[in-house]
Amino acid sequence: MNINVVGSGYVGTTLAACLADLGHDVTAIDIDEDVVAELNAGRPPIHESGLDELVAEHAGENLRATTLYENVAEADATFLAIQTPSREDGSIDVTPLEAAAEMTGEALADAGDHLVIVKSTITPPSIDAIRDAVAEGAGDVTGRIEVATNPEFLREGTAVEDFLAPQKIVFGTTSEWATERLEEIYAPLLADHDAHVVRTDPETATMIKYANNAFLATKISLINDLGNVCKEFGIDAYEVADAIGLDDRIGERFLRSGVGWGGSCFPKDVAAIIAAARESGYDPAVLEAAVEVNDRQPERMLELLDEHVDVEGKRVAVLGLAFKPGTDDTRNSRAIPVIKGLQDRGADVVGYDPVATENMRERFPEIEYADSAAAALEGTLGALVVTDWDEFAALDEEFDAMADPVVVDGRRIIDRHEGITYEGLTW
């Protein structure tokens with residue numbers, strides 16, 4: 001099929017490359033000329049495992065990028081993968097998505113049947129605004145133009161794998177025609193995998209996405225809260241988690257307590273559904289508590305360091321700047337409040353991450369950045385491990401370079417070593 005993908009961020013780029021890998025002819029549309037040039041040169045604008053290879057393989061063949069909407073009408077479907085940033089109150093700003101929807105509609109004014117698929121994460125009440133934007137752009141048309149939703153369930157760091165081997169695919173449509181077109185798009189994928197396909201209306205589909213992330217975020221916050229209690233009792237929270245994970249009502253996944261969740265999805269989606277619920281007159285107390293627990297974890301990490309060393313005027317390393325391993329995304333990374341807390345204490349901060357240094361440098365240009373974990377640890381009085389990159393698990397003699405080694409591990413990735421003072425966040 002001939003498919004457009006509007007927006008070339010983490011979701012859009014992954015979507016475009018994976019659809020091309022399924023055999024479709026894909027046009028990526030983005031307003032950033034540099035991003036378009038990179039894609040056409042076979043280089044993705046983001047770091048994501050497996051994405052380099054897919055973009056390099058398909059660029060110039062069945063994957064191309066452009067800043068123009070002029071050929072949108074020639075496609076069978078258009079995915080909208082535009083970011084919906086958070087406002088100060090946690091609600092989402094759909095203005096950029098509405099603008100893209102209206103421009104898509106304008107390009108479809110003289111088209112035949114066309115399906116516009118919202119891949120962006122939006123709350124159920126926002127769908128009408130996108131429908132209206134497409135309709136306003138298109139005006140009076142002779143063909144059928146429908147708006148569907150198809151939420152993504154991609155984890156950064158494993159997004160390509162998650163797309164190509166999905167657990168579930170959700171179609172939110174208002175007609176059998178739209179459902180059949182989505183099924184046709186995903187047919188090469190469904191033929192090879194036993195993914196659950198959920199067919200529902202557009203509003204329910206978007207709520208499934210929010211419910212999914214809210215549940216997982218709350219599960220992490222609950223195990224972190226229990227982990228904090230375990231720490232107070234001198235109990236290893238991971239031993240407790242291993243036992244409760246054997247209960248099939250609970251399950252073992254997402255029971256790794258630590259410094260908390262970050263990234264572009266959990267913080268934004270939980271805040272958005274809280275804001276939407278409040279606007280409707282309901283106070284979602286459990287979700288609010290999940291956010292509160294998560295926001296507390298970085299400070300608890302800093303307090304553990306305070307018990308061993310006064311960091312004012314001292315060199316302290318922050319290992320891991322991305323919100324999770326396998327990505328260069330620093331949005332809502334737990335390293336951000338950790339660095340801020342160290343700065344408030346007057347520490348001399350040095351950060352290290354295998355791939356996310358430049359993204360964090362944009363936020364904290366004033367701190368030092370090392371080109372290796374060993375260089376970051378050299379001469380420090382303390383080290384805080386915020387992201388569980390595999391290379392940190394191999395650190396050993398590197399700790400000998402620390403002046404007075406105090407290591408606070410927020411991810412249970414460091415083995416205890418002789419000669420260092422080791423604190424696990426919840427163990």
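In this predicted model, helix H12, which spans residues 335–344, has as its buried residues Ala335, Ile336, Val338, Ile339, Gly341 and Leu342. The elements that cover these buried residues include H11, strand E9 (315–319), strand E10 (348–352), helix H13 (357–363) and strand E12 (382–385). Just after H12 comes glycine 346, whose phi is positive, at about 80°.

One of the elements covering H12, namely H11, also packs against another helix. Helix H10 (residues 266–279) and helix H11 (residues 285–306) meet at an angle of about 145°, and their axes are 10 Å apart. Their crossing is left-handed, and the contact is formed by Val270, Ile273, Ile274 and Arg278 on the H10 side and by Leu287, Glu288 and Val291 on the H11 side. Sorted by class, the residues in this contact of H10 with H11 comprise five nonpolar, no polar and two charged.

Helix H3, made up of residues 51–58, can be read in a similar way, starting from its buried residues, which are Leu51, Leu54, Val55 and His58. When H3 is viewed down its axis, these buried residues fall within an arc of 95°, and so they line one face of the helix. The cover over the buried residues of H3 includes helix H1 (10–21), helix H2 (33–40), strand E3 (63–66) and helix H6 (159–164). H3 is followed by glycine 60, which has a positive phi, near 85°.

Of the elements that cover H3, helix H1 can be followed in detail. The axes of H1 and H3 come within 9 Å and cross at roughly 55°, an angle that lies between the 35 degrees under which helices count as roughly parallel and the 65 degrees at which roughly perpendicular begins, and H1 and H3 are therefore oblique to each other. The crossing of H1 and H3 is left-handed. From H1 the contact draws on Thr13, Thr14, Ala17, Cys18, Ala20 and Asp21, and from H3 on Leu51, Leu54, Val55, Glu57 and His58. By class, this contact of H1 with H3 holds six nonpolar, three polar and two charged residues.

Two single residues in other helices show how burial goes together with contacts from elsewhere in the sequence. Threonine 206, in helix H8 (residues 202–233), has a relative accessibility of 5% and therefore counts as buried, the cut-off being under 20%. Leaving out residues up to four places away in sequence, threonine 206 touches Ile122, Thr123, Pro124, Ile127 and Thr149. Alanine 138 lies in helix H5 (residues 127–138) and, at 9% relative accessibility, likewise counts as buried. Apart from neighbours within four places in sequence, alanine 138 is in contact with Gly105, Glu106, Ala109 and Ile145. Its C-alpha atom is separated by 34 Å from that of asparagine 213, the two residues being 75 residues apart along the chain.

Two loops complete the picture with backbone angles that deserve a closer look, because most residues other than glycine have a negative phi. Phenylalanine 254, in the loop between helix H9 (237–244) and H10, has a positive phi, near 65°, although this residue is not glycine. At 30% relative accessibility, phenylalanine 254 counts as partly exposed. Arginine 412, in the loop between strand E13 (406–409) and strand E14 (421–424), is another residue other than glycine with a positive phi, here near 55°. With a relative accessibility of 31%, arginine 412 also counts as partly exposed.

Notes:
Residues numbered from 1 in each chain as written. Predicted model: local features only at pLDDT ≥ 70, side-chain atom pairs only at ≥ 80, totals over all residues. Heavy atoms only, no water. Buried < 20%, exposed > 50% of the residue type's maximum accessible area, 1.4 Å probe, protein only. Helix = DSSP H or I, 4+ residues; strand = E, 2+ residues; numbered from the N terminus. Arc of directions from axis to C-beta. Contact = heavy atoms within 4.5 Å. Axes fitted to C-alpha atoms, helices over the stretch in contact; angles between N-to-C directions. Parallel < 35°, antiparallel > 145°, perpendicular 65-115°, else oblique. Left-handed = near helix turned anticlockwise from the far one by under 90°. Nonpolar A, V, L, I, M, F, W, Y, C, P; charged D, E, K, R; others polar.
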